[in-house]
Amino acid sequence: MEHITEVKIYKSPKKVYNAIAKSIIKLTQESQQKAFDIALSGGNSPKGLFKKISKKYKDEIPWKRIHLWWGDERCVSPDSEQSNYKMTVDYLLSNIDIPEENIHRIRGEEDPEQEAKRYSKELEDTLNSRGKDPVFDLIILGLGDDGHTASIFPDQIELFDYPENCAVAQHPISGQKRITLTGNVLNNANRIYFLVTGENKAMRVSEIMNDNEAAKLLPAYYIAPTNGDLIWFLDEEAASLIS
Ligand code: 6PG
């Protein structure tokens, strides 16, 4: 796992959120770019981070220079409880003063194939690029307990080498359609932070960190930025099985 820059382990989820928040403050304050592009993850893990930023750090982040994107989105309406965008509005966007035009949501309510094309083009037209792919300054990823990340699931691992920036994926159990960034964009980022907490992630984390044979079936195993840093932010529970 030589492509992992650092594994940071904290006593509690709260300390994980604090560490990531402080890193985002440092990165964005030090950046001279007119736009700092961050892709957010969905699910539950980011809620604690967004709450921490909203409560404690919102005035320390230069929101006018930050553009928020998503690593994936469920194909549901933006006001659905399933929507990653809605979760982000509830826990972060409703508490911060960020220009509307800096928020680049994936339109889960649109036809999935059309939206994957549209978002791919918006990324291409808006972000800096390195080689043929757009470059995120920071991507925050979660880890599913089946080893998926973004919405690249184990049974669709070919989305890592997909020619477009985005693809339509499908949750293997619920069948729910998703739009996801694909491997070429993910691994082109300047830095990727995994935000993983909780006992239920410990097995997958250990498979990946211990480079087990089983890990090679997990999409998260293939997150390896070719020109950037990969930092795992873990609490002790999620890290408890790393040998
Ligand atoms: C999503 C997420 C997904 C998430 C993992 C972990 O749309 O669900 O982007 O990739 O990061 O499933 O989910 P939890 O944080 O809820 O454990």
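This tour moves through three helices and then to one residue beyond a strand, saying what to select at each stop.

The model is predicted, so local features are described where pLDDT is at least 70 and side-chain atom pairs count only at pLDDT 80 or more, while totals for chains, interfaces and linings use all residues. Residues are numbered from 1 along each chain as its sequence is written, and side-chain values use heavy atoms, with hydrogens and water left out.

**Stop 1: helix α1**

Select residues 13–30, which form helix α1; helices here are DSSP runs of H or I with at least four residues, strands are runs of E with at least two, and both are numbered from the N terminus. At 1.5 Å a residue, the 18 residues of α1 should span 26 Å, and the end C-alpha atoms are indeed 26 Å apart, which agrees; the expected span is 1.5 Å times one less than the number of residues. Now colour the buried residues of α1, among them Val16, Ala19, Ile20, Ser23, Ile24 and Leu27, where buried means under 20% relative accessible area, exposed over 50%, and partly exposed in between, with a 1.4 Å probe and protein chains only.

**Stop 2: α1 against α2**

Add residues 45–57, helix α2, whose axis comes within 9 Å of the axis of α1 and crosses it at roughly 60°. That makes α1 oblique to α2, since angles under 35 degrees count as roughly parallel, over 145 as roughly antiparallel, 65 to 115 as roughly perpendicular and the rest as oblique. Show the side chains where the two helices meet, including Tyr17, Ile20 and Ile24 in α1 and Leu49, Ile53 and Tyr57 in α2; contact means heavy atoms within 4.5 Å. The residues of this contact divide into 8 nonpolar, 3 polar and 4 charged.

**Stop 3: α2 against α3**

Keep α2 and select residues 84–91, helix α3: the two axes come within 9 Å and cross at roughly 30°. α2 and α3 are therefore roughly parallel to each other. In this contact, Pro46, Lys47, Phe50, Lys51 and Ser54 of α2 meet Met87, Thr88 and Tyr91 of α3, and the residues divide into 4 nonpolar, 2 polar and 2 charged.

**Stop 4: Glu236**

Finally, select Glu236, in the segment after β11 (229–235). Is Glu236 buried or partly exposed? At 39% relative accessibility, Glu236 counts as partly exposed. Add Pro13, which is 223 residues away along the chain, although the C-alpha atoms of Glu236 and Pro13 are separated by 8.5 Å. Leaving aside neighbours within four places in sequence, Glu236 is in contact with Ile9, Tyr10 and Lys11.

How values were computed: Axes fitted to C-alpha atoms, helices over the stretch in contact; angles between N-to-C directions. Nonpolar A, V, L, I, M, F, W, Y, C, P; charged D, E, K, R; others polar.
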